[in-house]
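User: Please take a close look at one part of this model, a pair of neighbouring strands and what surrounds them. Keep to what can be computed from the coordinates, and give the cut-offs for the terms.

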Amino acid sequence: MTQLAVRDAAHIGSLDGVRVRPYGTADGARLRGMAARLSTASLYTRFFSGTPRIPDHYVTIMNRLDHWDRDALVALLDGDMIGIAEYCRDADRPACADIAVLVCDPWQRRGVATVLIRFLAQLAGRRGVREFGADVLPGNREAVSALHSMWPDAVPAYRDGLARYALPLPGRPG
């Protein structure tokens, strides 16, 4: 699998030893293993429900990525998955894709999500995606802050208790 040079992406903090690469079908166990390093709050803000672990149906979905309309990148350290970012193209609006990111608690606020999103934006952009959509719980200050660090002018629309962001891919017109 192709590994991406983290040092080539602008990031915050030290990410020495962290590798970023596409999610592979053999990564299911690594994905499940992330749960040991995730708080219930982190799981709730990612999956919008109280779950004590990574949901099995999510692992199944990730193992069926088509690597075009739906793809994911992982951040690894010493063989352990410390972060994952994915996009899923909107079938009705193929230039738009929803994104979701999950980073293990010890690695939050250290630039992992930023690096994953930047690489994911490059990947999606090469596939014709021009805008990411992100649903965020309004109280998830870390996610809101991360989005605003990359898209300072982003203003959410509120719907069904969520803040919905429309995020033009970096370097591309909205």
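Analyst:

**Strand β4 and its surroundings**

Strands β3 and β4 run antiparallel and are joined by 7 bridges; two strands are taken as paired if DSSP finds at least two bridges between them. The model is predicted, so local features are used only at pLDDT of at least 70 and side-chain atom pairs only at pLDDT 80 or more, while totals for chains, interfaces and linings use all residues. Residues are numbered from 1 along each chain as its sequence is written, and side-chain values use heavy atoms, with hydrogens and water left out.

The connection from β3 to β4 is a hairpin through 6 residues. Within this pair, A85 stands opposite V101 in β4. Of the 8 residues in β4, 6 are buried, and the strand is thus mostly covered; buried means under 20% relative accessible area, exposed over 50%, and partly exposed in between, with a 1.4 Å probe and protein chains only. In a regular strand the side chains alternate between the two faces of the sheet.

β4 also pairs with β5, in this case parallel, through 3 bridges. Here C96 stands opposite E131 in β5. Together β4, α4 and β5 form a right-handed β-α-β unit; a crossover is right-handed if, with the strands pointing away from the viewer, the path from the first strand over the helix to the second runs clockwise.

The loop between β4 (96-103) and α4 (112-126) contains R109. R109 is not a glycine, yet its phi is positive, about 65°. This residue is exposed, with a relative accessible area of 62%. A second case is D78, in the loop between β2 (70-77) and β3 (80-89). Phi of D78 is near 55°, again positive in a residue other than glycine, and D78 is exposed at a relative accessible area of 74%.

Helix α5 (residues 141-150) brings α4 and β5 in again. Its buried residues are V144, L147 and M150. They lie on the same side of α5 because they cover an arc of only 130° around the axis, the arc being that of the directions from the helix axis to the C-beta atoms. These buried residues pack against α4, β5 (131-136) and β7 (162-168); contact means heavy atoms within 4.5 Å.

Another buried position belongs to β1 (residues 18-22), the strand that holds R21. R21 counts as buried because its relative accessibility is 7%. The side chain of R21 makes a polar contact with the side chain of D27, at 2.7 Å. A polar contact is a pair of N or O atoms within 3.5 Å; within protein, one must be able to donate a hydrogen and the other to accept it, and residues adjacent in sequence count only if both atoms are side-chain atoms.

As for the whole chain, there are 5 helices and 7 strands, in the order β-α-α-α-β-β-β-α-β-α-β-β from the N terminus on. Helices (H or I, at least four residues) and strands (E, at least two) are DSSP runs, numbered from the N terminus. Buried residues account for 47% of the 174 residues. Of the contacts between residues at least 6 apart in sequence, 62% join residues at least 24 apart.
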